[in-house]
Structure formats: structure tokens, C-alpha cells
Amino acid sequence: MSSFFLDLRPMNRSVTHALTEFVLLGFPGCWEIQIFLFSLFLVVYALALLGNGAIICAVRWDPRLHTPMYFLLGNFAFLEIWYVSSTVPNMLANILSKTKAISFSRCFLQFYFFFSLGTAECLFLAVMAYDRYLAICHPLHYPAIMTAKLCGTLVSLCWLIGFLGYPVPIFLISQLPFCGPNIIDHFLCDMDPLMALSCAPAPITELIFYSQSSLVLFSTILYILRSYTMLLKAVLQVPSAAGRIKAFSTCGSHLAVVSLFYGTVMVMYVSPTYGISTLMQKILTLIYSVMTPLLNPLIYSLRNKDMKLALRNVLFGMRNSQNL
């Protein structure tokens, strides 16, 4: 019990932070490399916004996509827009900045949104796995179970749990004394770099944060694996080859997204990162925080006939309206 109070002692007294800002090193290099990276990330960001925005428009405007699966996909695309926006705009500004500085409050605000949106993404992927499990394993009961009310409730819970789970842990971390140095060798404010800059150890705070993150990560991935194991058994029992192909095609896009996101997140936050270079950690973070929102629209549109048709209709509708 005494160690608990010792851990929280810096947070219970009035702490004057010696640091008012942090320096995000990002991807150091000569000016030509910085301009290239700025142009590359700007294009990636624009494509991610356009791709996910197109999915939202398709789900909104095409009546054939007014089903629980596409309602979840539309919300997931909306989440991806916010997720990629929690890192890339600041990264672009940082590349052009001479000081590479980010204020104390902005750093922890980014920290909060990055982890809250990441948690919401894990929950959305689990809910989407539940939806596919019901649709394929219990097709006759699917309309009665996955109602609009249940679907809306699940989506609301994903957002609420994601954003209400981290205010306390991140507030506790922000109250730790940061007295220098202030250099973060990353392109965003993340847990490990921030804890490394703290002047006082906080094992209880770290335990709370990592326990919560691990609970979300492992519970969702285990549920997704369980759902798809049962789904695979059901698909293999389908008598017609065409039915099996259609079922695999429907779930293949979701599995591709799950593999891309969880694969890189597990390497970063579950496996030991001591032997991983700082550059590799940055690249892995780029994959799940920037490349995943970019690739998700491509994965879902290329493997889904209904989505491809809806996107084509949205595109042609925009062209026709411009011609008029």
C-alpha cells in the first residue's frame, strides 16, 4: 500500500512542470528528404480521407447498403478518418517546422485521441466479426438479432468505451514531473517515450495503462479469432462451392484488415521492443496508424461487389451533377 502512495505522490501535490513543450524528432534528414516525406504523407492522408469518405457516402446514399454490415463499415470508415487525422496533420506540420516543438497540452491531447481512437478501432473490428458470425452461422436468426437498435447500441458502445477509458490514466501520466530532457524520438506522443522523459518512476500508473490496453487488445483479438474459427467451420459445411466462395469473399476483407492492424500493433505493444530499432518502431506505428486507414477502403471495395457498385454509382452521380 505504501508503494502505491509513493507512486502517486508526484500527482497528489502541486507539480510545476519544468517542461512546457516537447521536441518530436520525427524522421530526421536533409531538407530534400523532408520535402519528399511531406509530399508522400500529404498524398497518403488525402487518399485516406477520400477513400473513407467515399465509403461513407456510398453507405449513406445507396439504399442497397442500408444493412447492419454496411452501417458498421460506414462508422468504421468515419473512425478511420479521425484516427489518421490524430497523427498525420501534426506530423506534416512537424516536418516543415524548424523547432519540431509540440506544446505539453497538445502532446497529451494527441496521446489521448490516438489511444482512444485505437481502442475504438479494436472494438469495431470485434463487433464487425460478431456481425459476420451471425450472418453466416445463423442466417435465419440474423435479421431478428442484428436489429437497427442493437447495431446502433454496439456502435455507441464502441465510441463510448474508446473515449471514456483513457482520460484517467492519461491524466495521471500528465501529472508526472517532466524536468528534462524534452526530446521524443518519434513522430507522435506515445506511452514509452513519454514515460522515459518522466523524472519520477510511476509503476502503478504504467501498470494501470498497460493492463487496460492489454485487456482491450487481447479480449478483442481472441473474440475475433473465436468468431472466425466458428465461422470457418460453418462455411466448410456449405454444400455448394459457390456459397463457400461467397462466404469467404465476404469475410476476406475483414480478415485482411484485422491481420494488418493487429499484426503491427502486437509487434509494437505486446512483443518486447528493446531489440527493435527506433526507425522500425516508427515504421510499424506508421503501418497501423496511417497505412491501415489508407488501405481499408481499397480492401473493402476491391473484395466487395456491392461496395464497388455503390462507389461507382456515387462517382458517376458526382460527375453527372457536375455536368448539369
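How does Trp82 count by its relative accessibility: buried, partly exposed or exposed? Trp82 counts as partly exposed, at 48% relative accessibility. Please keep in mind that this is a predicted model.

## Aromatic pairs

Let's stay with Trp82 for a moment. Its ring forms an edge-to-face pair with Phe78, with 6.3 Å from centre to centre and 75° between the planes. Both residues belong to helix H3 (residues 68–85), where being four residues apart separates them by about one helical turn. Phe78 is partly exposed as well, at 39% relative accessibility.

Another edge-to-face pair joins Phe111 and Phe115, whose centres are 5.2 Å apart and whose planes meet at 85°. These two are also four residues apart, about one helical turn, in helix H5 (residues 104–137). Here Phe111 is buried at 0% relative accessible area, and Phe115 is buried at 9%. The count for the structure comes to 27 aromatic pairs.

## Salt bridges

The whole structure holds three salt bridges. Asp62 pairs with Arg64, with 3.0 Å between the closest N and O atoms, and Asp62 is buried at 8% relative accessibility. Asp131 pairs with Arg132 at 2.8 Å; both of these residues are buried.

Lys282 forms a salt bridge with Asp185, again with the closest N and O atoms 2.8 Å apart. Lys282 lies in helix H12 (residues 278–302) and Asp185 in the loop between strand E3 (183–184) and helix H9 (191–197), so this bridge ties together parts that are 97 residues apart in sequence.

## A closer look at Lys282

Lys282 is buried, at 5% relative accessible area, whereas its partner Asp185 is partly exposed at 36%. The charged end of Lys282 also sits over the ring of Phe27, 5.6 Å from the ring centre.

How values were computed. Residues numbered from 1 in each chain as written. Predicted model: local features only at pLDDT ≥ 70, side-chain atom pairs only at ≥ 80, totals over all residues. Heavy atoms only, no water. Salt bridge = Lys/Arg side-chain N within 4 Å of Asp/Glu carboxyl O. Buried < 20%, exposed > 50% of the residue type's maximum accessible area, 1.4 Å probe, protein only. Phe/Tyr/Trp six-rings, centres within 6.5 Å; stacked < 30°, edge-to-face > 60°. Lys NZ or Arg CZ within 6 Å of the ring centre and 35° of its normal.
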